[in-house]
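This report describes a single protein chain as it appears in a predicted model. The sequence and the structure are shown first, and the description follows.

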Amino acid sequence: MYLLIILLIILASVLMIGIVLIQESKGGGLASSFSTSNQIMGVRKTTDFLEKATWGLAIAMVVLSIISIRFVPKADTQAAIQVQQTAPAQQKNTVAPDAATETPAPTPAEPQQ
């Protein structure tokens, strides 16, 4: 299920790239190459369709991304428990190098009267 959702997100992303490139920007964009679609549907309807498709794909990508969190494969819990159990055992066996070589400080002698 996770793989299917990821494939849908990738498909929506590729379609989004295509639609954004087709849209007419202030500089003309690639929309001038698609003049046949403007003749069939009319300039205003093409712009409305591209804008609605952009919003629809953006919403679909957000919703699919949120849904994909539910289906993320979980890590093996037994392996994680074994790693956690071996880590403290290794730490107990190690001795700090400074602690082994230090000698206790002499206690001061009591003053004589």
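## Confidence of the model

Within the chain, confidence is highest in α1, with a mean of 93, and lowest in helix α2 (residues 35-41), with a mean of 54. Over the whole chain the mean pLDDT is 75, and 51% of the residues reach 70 or more. Where pLDDT is low, the predicted coordinates should not be read in detail.

## Overall organisation

The chain contains 5 helices and 0 strands. From the N terminus on, its elements follow the order α-α-α-α-α. Two of these elements recur in the sections below: α1, which covers residues 2-22, and helix α3, which covers residues 43-70.

Among contacts with a separation of 6 or more, 71% link residues that lie 24 or more positions apart. Of the 113 residues of the chain, 12% count as buried. The accessible surface amounts to about 9800 Å², and carbon and sulfur atoms account for 65% of that area.

## The nonpolar core

The largest nonpolar core has 6 residues: Ala12, Met16, Ile19, Leu50, Ala53 and Leu57. Both α1 and α3 supply at least two residues of this core. In soluble globular proteins, nonpolar side chains tend to be buried together.

Ile19, a member of the core, touches Leu50, Ala53, Thr54 and Leu57 when residues up to four places away in sequence are not counted. Thr54 belongs to helix α3. Its relative accessibility is 17%, so Thr54 counts as buried, the cut-off being under 20%. Apart from neighbours within four places in sequence, Thr54 is in contact with Met16, Ile19 and Gln23. Of these partners, Met16 and Ile19 are also listed in the core.

## The nonpolar surface patch

A nonpolar patch lies on the surface and consists of Met1, Tyr2, Leu4, Leu8, Leu11, Leu15, Trp55, Ile59, Val63, Ile67, Phe71 and Val72, with about 1100 Å² of accessible area together. The elements that give two or more residues to the patch are α1 and α3. The largest share, 5 residues, comes from α1.

Two members of the patch, Leu8 and Trp55, may be set side by side. Leu8 lies in helix α1 and has a relative accessibility of 37%, so Leu8 counts as partly exposed. Trp55 is located in helix α3; at 56% relative accessibility, over the 50% cut-off, Trp55 counts as exposed.

## Placement of α1 residues relative to distant positions

How far apart in space are Leu8 and Ala60, C-alpha to C-alpha? The distance is 9.1 Å, although 52 residues separate Leu8 from Ala60 in sequence.

A second pair is formed by Ile69 and Ile5, which are 64 residues apart in sequence and 10.0 Å apart in space, C-alpha to C-alpha. Ile69 has its place in helix α3. With a relative accessible area of 58%, Ile69 is exposed, because exposed residues are those over 50%.

## Summary

In this predicted model, α1 and α3 each contribute at least two residues to the largest nonpolar core, and these elements also give two or more residues each to the nonpolar surface patch. Thr54 of helix α3 is buried, whereas Trp55, which is also found in helix α3, is exposed.

Methods:
Residues numbered from 1 in each chain as written. Predicted model: local features only at pLDDT ≥ 70, side-chain atom pairs only at ≥ 80, totals over all residues. Heavy atoms only, no water. Helix = DSSP H or I, 4+ residues; strand = E, 2+ residues; numbered from the N terminus. Buried < 20%, exposed > 50% of the residue type's maximum accessible area, 1.4 Å probe, protein only. Patch = residues over 30% accessible without salt bridge, like charges linked within 9 Å, V, L, I, M, F, W, Y side chains within 5 Å. Areas by Shrake-Rupley, 256 points an atom, 1.4 Å probe, with all protein chains shown as cover. Salt bridge = Lys/Arg side-chain N within 4 Å of Asp/Glu carboxyl O. Core = buried A, V, L, I, M, F, W, Y, C linked by side-chain atoms within 4.5 Å. Contact = heavy atoms within 4.5 Å. pLDDT = per-residue confidence, 0-100.
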